[in-house]
Amino acid sequence: QLMTLIPVEEDKKTIAGRFRKAHSFAFLDEGQIFVQENPHKISKSPEFFDYFKTLNIDTLYVKELGYKTFLTLLEMGVEVYLIQNAEKWNRIKPNELLLLDEENAKEHCSLGHHNKEEGK
């Protein structure tokens, strides 16, 4: 069973700026959507990915992603698409998404954590 995950804000509609720190995750499953809170928004990467692995996600739609996080997802076989134009998850148009790969990820991912807004 394959699923798409979209990080969302507290209103459950607005696409979150960050992936691991997102308030909640919207799961898109064959046209059905359900939202649950991200229990690991303040966890370190290993704990977060232990949790993430239990979700059986094969596709991620995201606005911003750290490069290391991208590489971890790549290793896990998750396809990562960059949302470029939508603000709300129900406005996402598949043809406006950019599939990240090793070639373009360095350009589109925030390398490391140069913006120290992690604590918010």
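**Strand β4 and two loop residues in the predicted model**

Within strand β5, E79 serves as the bridge partner of T59. This pair belongs to the contact between β4 and β5 (residues 79-82), strands that run parallel to one another and are joined over 4 bridges. Between these two strands the chain passes through helix α2 (residues 67-75), and the resulting β-α-β crossover is right-handed. All of these assignments refer to a predicted model.

Strand β4, which spans residues 57-62, also pairs with strand β1 (residues 3-8), again in the parallel sense, here over 3 bridges. In this pairing, M3 has I57 of β4 as its bridge partner. Strand β4 is mostly covered, with 5 of its 6 residues classed as buried.

The loop that links β4 to α2 contains E64. This residue counts as partly exposed because its relative accessibility is 26%, a value that falls between the limits of 20% and 50%. The C-alpha atom of E64 is separated by 9.6 Å from that of Q84, a residue 20 positions away along the chain.

A second loop residue, N104, is placed between β6 (98-99) and α3 (105-108). N104 counts as buried, because its relative accessibility of 15% is under the 20% limit. A polar atom of the N104 side chain lies 3.1 Å from the backbone oxygen of L99. When residues up to four places away in sequence are not counted, N104 touches L98 and L99.

How values were computed
Residues numbered from 1 in each chain as written. Predicted model: local features only at pLDDT ≥ 70, side-chain atom pairs only at ≥ 80, totals over all residues. Heavy atoms only, no water. Buried < 20%, exposed > 50% of the residue type's maximum accessible area, 1.4 Å probe, protein only. Pairing = 2+ DSSP bridges. Right-handed = clockwise from strand over helix to strand, strands pointing away. Polar contact = N/O pair within 3.5 Å; in protein donor to acceptor, adjacent residues only side chain to side chain. Contact = heavy atoms within 4.5 Å.
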